[in-house]
Amino acid sequence: MTHPITLFLARSDSPIGRLELTSDGEAITSLSIACDGHLPLEALPENPNAVLREAVRQLDEYFAGTRHSFDLPLHLSGTEFQKAVWAVLADLPFGEFTSYGEIGVRLGRSTGGRAVGGAVGANPVPLLIGCHRVLSSSGRVTGYSGGEGIPTKLWLLAHEGITLAA
């Protein structure tokens, strides 16, 4: 007999748009930023649990400028390569940035910038794992899959005091 999986769901307002977080009951499994005013699971009712309430609290502190890192359990689904990229991102501190190429070099794939970009874009928990801190090797903002895209990324970089070359 199989048991249905309970999806825990919470939403929160933020300066970059509404956020939607999911949990498997033990850890955060996803975070989405509204795009064009919509969230992926907006048709479902909220069903928050303790870990989601804590995540919302920590995100509020991040946006208020009083929190620079997150202390939350995460259960992330992805390939081994994606998980390796996300682990590198998780170690990148608030206010610092890296490039796709630098991540590739760290992972022993010096020509893997495109694969790294795909893994960065597939990050299921943006903000909690700071994929907005990845720029091109020239320091340019090349894209962002969260929220409204590049404007969202630019806001997050400015929030963290990361200044970009002109």
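With 166 residues, what radius of gyration would a compact globule have, and what does the chain have? A compact globule of that length would come out near 15 Å, and the chain has 16 Å, which agrees. Keep in mind as you look around that this is a predicted model. If you draw a box along the principal axes, the C-alpha atoms fill roughly 50 × 40 × 30 Å.

Now for how the chain is put together. You'll find five helices and five strands. Follow the sequence from start to end and the pattern reads β-β-β-α-α-β-α-α-β-α. Take the contacts between residues at least 6 apart in sequence: 60% of them join residues at least 24 apart. As for the inside and the outside, 45% of the 166 residues count as buried. The accessible surface adds up to about 8,600 Å², and carbon and sulfur atoms hold 54% of that. The chain also carries 12 positive and 17 negative charges, and the mean positions of the two sets sit 6 Å apart.

Let's turn to what the records say. An unreviewed UniProt entry lists residues 13–75 as "domain: Methylguanine DNA methyltransferase ribonuclease-like". In the model, that stretch is 24% helix and 17% strand, with 23 Å between its end C-alpha atoms.

Ile16 belongs to this stretch, so to speak, by its number, and you can spot it in the loop between strand S1 (8–12) and strand S2 (19–23). Is Ile16 buried or exposed? Its relative accessibility is 10%, and the cut-off for buried is under 20%, so Ile16 counts as buried. Setting aside neighbours within four places in sequence, Ile16 touches Ile33, Phe63, Leu127, Thr152, Trp155 and Leu156. Leu31 is 15 residues away from Ile16 along the chain, and their C-alpha atoms are separated by 13 Å.

One of those contacts of Ile16, Leu127, deserves a visit of its own. Leu127 is in the loop between H4 and S5, and with a relative accessible area of 1% it is buried. Its phi is near 80°, a positive value in a residue other than glycine. Most residues other than glycine have a negative phi. Asp36 shows a positive phi too, near 55°. Asp36 sits in the loop between strand S3 (28–33) and helix H1 (50–64), and here the relative accessible area is 60%, so Asp36 is exposed.

Back to the loop between helix H4 (113–121) and strand S5 (134–135), where you'll also find Cys131. The unreviewed UniProt entry annotates Cys131 as "active site". Where does that leave Cys131, buried or exposed? Its relative accessible area is 4%, so Cys131 is buried. Beyond its neighbours within four places in sequence, Cys131 is in contact with Leu89, Val120, Asn123, Pro126, Tyr144 and Lys153.

Last stop: helix H4 itself, home of Ala115. At 30% relative accessibility, Ala115 counts as partly exposed. Leaving out neighbours within four places in sequence, Ala115 has contacts with Phe81 and Arg109. Gly143 lies 28 residues from Ala115 along the chain, and 14 Å separates their C-alpha atoms.

Technical notes. Residues are numbered from 1 along each chain as its sequence is written. This is a predicted model: local features need pLDDT of at least 70, side-chain atom pairs count only at pLDDT 80 or more; totals for chains, interfaces and linings use all residues. Side-chain values use heavy atoms; hydrogens and water are left out. Helices (H or I, at least four residues) and strands (E, at least two) are DSSP runs, numbered from the N terminus. The radius of gyration is taken over C-alpha atoms; the globule rule is 2.2 Å times the number of residues to the power 0.38. Buried means under 20% relative accessible area, exposed over 50%, partly exposed in between (1.4 Å probe, protein chains only). Contact means heavy atoms within 4.5 Å. Accessible areas come from the Shrake-Rupley method with a 1.4 Å probe; for residues, only the protein chains shown count as cover. Lys and Arg count as positive and Asp and Glu as negative; His and the chain ends are not counted. The place of a charge is taken as NZ of Lys, CZ of Arg, CG of Asp or CD of Glu. UniProt positions are given in the numbering used here, feature names are shortened, and annotations may be inferred rather than shown by experiment.
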